[in-house]
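Open the model in your viewer and keep the sequence panel beside it. The stops below go from the whole chain to one pair of elements.

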Amino acid sequence: MLFRSSHILVGVDGSDDSRRAALYATDLARQTGAKLTLLVVVIPPTATTFAAFDLVSMTATQPDAEHLARAQALIDSVIADLGHGRAIPSVVTGIPRDAIPAEAAKVGADLIVVGASGAGAVERLLLGSVSESVVRNADRPVLVVR
């Protein structure tokens with residue numbers, strides 16, 4: 001049976017793989033007439049502990065305007081590159097491996113598309129691959145593009 005999608009969510013982070021994923025998702029949306037949501041997840045600030053000094057450095061709980069503006073600029077750039085006028089831009093705050101499946105559920109996407117490798121190589125070493133986590137945790141089909 002051929003899978004038909006009516007709403008595709010693609011996570012973009014500026015990496016080459018995520019841009020290829022966006023291109024693939026755009027082509028798939030055009031072929032099937034599906035809605036397309038382009039999602040950028042802005043990682044919230046974190047607390048840093050300095051154990052030797054019994055100190056904790058806290059940053060703001062929400063990203064600042066500069067981070068949000070960069071996320072919007074990335075979305076605008078991807079939309080301009082792809083030329084998909086029907087794309088729905090979305091910027092959320094969270095941890096990508098959790099925020100991508102959650103946003104897909106929230107918007108009713110029936111397919112998630114992500115790149116095989118993202119922009120955050122250090123994060124991948126520390127936390128594991130975002131695409132791998134999305135595949136494991138999503139409650140809908142996930143397409144990983146390389």
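Start with the contacts of the whole chain in this predicted model. Of the contacts between residues at least 6 apart in sequence, 75% join residues at least 24 apart.

Next, colour the chain by secondary structure. Five helices and seven strands are there. Follow them along the sequence and the order reads β-α-β-β-β-α-β-α-β-α-α-β.

Now switch on the surface. The chain exposes about 8300 Å², and 58% of that area comes from carbon and sulfur atoms. How much of the chain is buried? Of its 146 residues, 37% are buried.

Hide the surface and select residues 16–32, which form helix α1, then add residues 65–82, which form helix α2. Two packed helices are described by the angle between their axes and the distance between those axes. For α1 and α2, the angle is about 55° and the axes lie 10 Å apart. The two helices are therefore oblique to each other. Turn the view to look through one helix at the other: the crossing of α1 and α2 is right-handed.

Last, show side chains where the two helices touch. Which residues of α1 meet α2? In α1, select R19, A22, L23, T26 and R30. Their counterparts in α2 are L74, S77, V78, D81 and L82. Colour this set by class: the contact of α1 with α2 has five nonpolar, two polar and three charged residues.

Terms used. Residues are numbered from 1 along each chain as its sequence is written. This is a predicted model: local features need pLDDT of at least 70, side-chain atom pairs count only at pLDDT 80 or more; totals for chains, interfaces and linings use all residues. Side-chain values use heavy atoms; hydrogens and water are left out. Axes are lines fitted to C-alpha atoms, for helices over the stretch in contact, and angles run from 0 to 180 degrees between N-to-C directions. Helices (H or I, at least four residues) and strands (E, at least two) are DSSP runs, numbered from the N terminus. Angles under 35 degrees count as roughly parallel, over 145 as roughly antiparallel, 65 to 115 as roughly perpendicular and the rest as oblique. A crossing is left-handed if the near helix is turned anticlockwise from the far one by less than a right angle, and right-handed if clockwise. Contact means heavy atoms within 4.5 Å. Ala, Val, Leu, Ile, Met, Phe, Trp, Tyr, Cys and Pro count as nonpolar, Asp, Glu, Lys and Arg as charged, and the others, Gly among them, as polar. Buried means under 20% relative accessible area, exposed over 50%, partly exposed in between (1.4 Å probe, protein chains only). Accessible areas come from the Shrake-Rupley method with a 1.4 Å probe; for residues, only the protein chains shown count as cover.
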